[in-house]
Amino acid sequence: MFDHEKDLIRQEFDRFTAEHNLENAPLNWRDLPFSGEWGLAIPFFPIAAADNKRVEPVALHAQNLGRAFVAAVSNIPGISRVEAIKGYVNLYFSTSHLAKQVVETVRSQGSDFGRLPLSGKATMVEYSNPNTHKPLHVGHLRNMILGGATCNLLEASGKPVVRANYIGDIGLHVIKWLCNYETYHQGEQPPEDKMRWMSDIYTEADRRFASEPGFEEKVRAYFARWDAHDPDLLALWEQTRAWSMEGMMQVYDLMGYRFDRIYFESEVEDSGKAMVAELLKSGLAVDGRPENPVIINLDEILGTKEEYRVVVILRSDGSSLYATKEIPLAIMKFEEFDLDESIYVIDVRQSLHMKQIAKVLELMGYPWATRIHHLAYEIVNLPGNVTMSSRDGTVVLLDDLVREATERALAVVSEKNPDLDPQTMQEVARTVAMGAIKYPMISRENTKVVTFDWKTALDFEGQSAPYIQYATVRAKSILRKANWIKIQSPEYDYPLSTPEVNLIEKISKLPEEIQRAAKEMKPSLLAVYAYELARNFNDFYNQCHVLGEAEKVQNARLALVDAARIALEDVLVILGIKAPQVM
RNA sequence: GCCCCUGUAGCUCAAUGGAUAGAGUAAUAGACUUCGAAUCUAUCGGUUGCGCGUUCGAGUCGCGCCGGGGGCACCA
């Protein structure tokens, strides 16, 4: 944002270091740590440490060099004051000039503020990855929100993104479902809420499989029919899979996620087996059948020890595994799209497997294998670090969570804002509930376990999405009330208060925050930023009146409110959280 | 045994190697005749698990311990 000012300062700095024979001294930028003060700071410690002529301690030398630098700088446009203190050189912005620049930039760019235009080759992000015929729970939610936000984030940073979803449409869970359906639900048609219906039948099948005598044998018989490509069973599978996909898409619509390319596990099963044959021919894989599976002994091939281990690519009975299908899928991705990078949003427990897959592809000679990246995230646990288990019935279903949160939000909305019409109230409740559910999933670092508890999930106060949404609603409320006033080009040459300065400073940071979060692939950085921005806005709101102030101040603050609103909405869009008009 | 992640306030979490480690929550006391109180203010709360090292400077980097979680041949 302040490249121009930085360039001018850099020129002064280069001149100074040349004079003092310190050409290689590093120039590092920091923010001023003082609230209500806006500008840049340069730590002089590394410069002092690099000075081999120094005879005094580094801290003292840094202070003295800083003082000399301050004395040497000429007037820099945009900088009102320069001082050396405790080894830092602090450069204070002339707020009237730069505040105007920030606010006008934001308002003219609108929803593009902070974004770079798309360029270069695409990145594929595979996320969500649910199974058909099965319920979605909060663990899936973390994947969805993290994956979705990562896509938005990369796009905002200027990278074209292909959103991919790899769906488990075959396997034991599907056979169990089909068996239960034909045995106990023959001919039933799904109601409006397909997801719920499919889930219920699955849960029932799972229960029968575990406890109902004879059911397991029945499922095994279904497996035999499946392997024999029984046309009736295949037809039923196709039909029920379609239902499941419809239900899935309803959920994605509700949650606000979309995909450019959907891969099915069934699509890559045959090519996976063909791939195994090739791997055997090339000598990479070792065939242990009939007693043992087909493996690739990566440690042996690479000469490593207990690092890559052994990857099993085909069962001893010839049936396929995760790895069997993952290999052709990766190839398909790079053949179909000209990808720069292929990102997999998968939980951390699959780290070794991902590492193995990438290594196998590298050994197969695919040059892009090194551009596969596993975006690992930790699982969602219950309080007390208890892992959710469907067997124990402790899994929190997405469906239940959404329903509970929406009800709770509706109760709050109808209390806070009873005059809203029922339909708006419903929409607001849903928007707030969605935000509240998503925020805790994304505000923690990817590598940290999220502890799910109902109290936090249903809490709409404090560090939460509703807090951020509320800030946008307040901003929009002011702008709505001022609707009849046209905002003129703002002038910030009156004495700005601390909250105003802090707010403008925070807004100006959005572009670099987006770049940093994208580079590190950590949407959580933006989630934290969004909260801080909202807090700065609420600070401003509480301490600075807008409407009814002197015309110039009112105009300037209206423009600032508008800029804050834009920045808040921009960052919420990236996080995958909607902002209501009222709440 | 080998590998990965993790340890910060009672609890949940922040903090591009940089100035006095910050929020939320809980507890207590306050602020609605005032652009929306889903908000705000104040108080309370810390040997950043322990030790050694690198560095002008370490919550952050390295090594070693300790505690927690996870992975390591036919689940995904």
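**Close-up 1. Polar contacts between the protein and RNA strand B.** In this predicted model, a backbone N or O atom of Val449 lies 3.3 Å from a phosphate oxygen of RNA strand B; a polar contact here is a pair of N or O atoms within 3.5 Å, and within protein one atom must be able to donate a hydrogen and the other to accept it, with residues adjacent in sequence counting only if both atoms are side-chain atoms. Lys448 also reaches a phosphate oxygen of RNA strand B, with a polar side-chain atom 2.8 Å away. Asn417 turns to a base instead: a polar side-chain atom of Asn417 is 3.3 Å from a base nitrogen of the strand. Elements that give two or more residues to the surface near RNA strand B include α2 (45-50), β4, β10 (310-314) and α20 (523-543). Helices (H or I, at least four residues) and strands (E, at least two) are DSSP runs, numbered from the N terminus.

**Close-up 2. The wider surroundings of RNA strand B.** Of the 64 residues around the strand, Arg30, Tyr88, Arg315, His353 and Met583 come nearest; a residue is near a molecule or strand if one of its heavy atoms lies within 4 Å of it. Sugar or phosphate accounts for 57% of the RNA strand B atoms within 4 Å of the protein, and bases for the rest.

**Close-up 3. An open sheet with a helix packed on it.** Four strands line up in the order β1-β2-β4-β3, with antiparallel pairing; two strands pair if DSSP finds at least two bridges between them. β1 (30-31) and β3 (79-85) are at the edges with a single partner strand each, so one side of each has no neighbour in the sheet. β3 pairs with β4 (residues 88-93) in the antiparallel sense over six bridges, and Val82 has Leu91 as its bridge partner in β4. Helix α3 (residues 58-72) packs on the sheet and touches β3 and β4, its direction making about 155 degrees with that of β3. Contact means heavy atoms within 4.5 Å, while axes are lines fitted to C-alpha atoms, for helices over the stretch in contact, with angles from 0 to 180 degrees between N-to-C directions.

**Close-up 4. Helix α9 and its two ends.** The 25 residues of α9 (residues 231-255) should span 36 Å at 1.5 Å a residue, and the end C-alpha atoms are indeed 36 Å apart; the expected span is 1.5 Å times one less than the number of residues. At the start of α9, a side-chain oxygen of Asp230 comes to within 2.8 Å of the backbone nitrogen of Asp232. Gly256 follows the helix, with a positive phi near 85 degrees.

**Close-up 5. Helix α12, mostly covered.** In α12, 11 of 15 residues are buried, meaning under 20% relative accessible area, with exposed over 50% and partly exposed in between (1.4 Å probe, protein chains only). Among the buried residues are Ile327, Leu329, Ile331 and Phe334.

**Close-up 6. Backbone details in two loops.** Ser128 and Asn129 both sit in the loop between β5 (122-126) and α5 (138-156). Ser128 has a positive phi of about 80 degrees although it is not a glycine, and at 4% relative accessibility Ser128 counts as buried. For Asn129, phi is near 45 degrees, and at 21% relative accessibility this residue counts as partly exposed. Elsewhere, the peptide bond from Arg289 to Pro290 is cis, with omega near 10 degrees; Pro290 belongs to the loop between β8 (286-287) and β9 (294-297).

**Notes for all views.** Residues are numbered from 1 along each chain as its sequence is written, with chains lettered from A and ligands numbered from 1 in the order in which they are written. In this predicted model, local features need pLDDT of at least 70 and side-chain atom pairs count only at pLDDT 80 or more, while totals for chains, interfaces and linings use all residues; side-chain values use heavy atoms, leaving out hydrogens and water.
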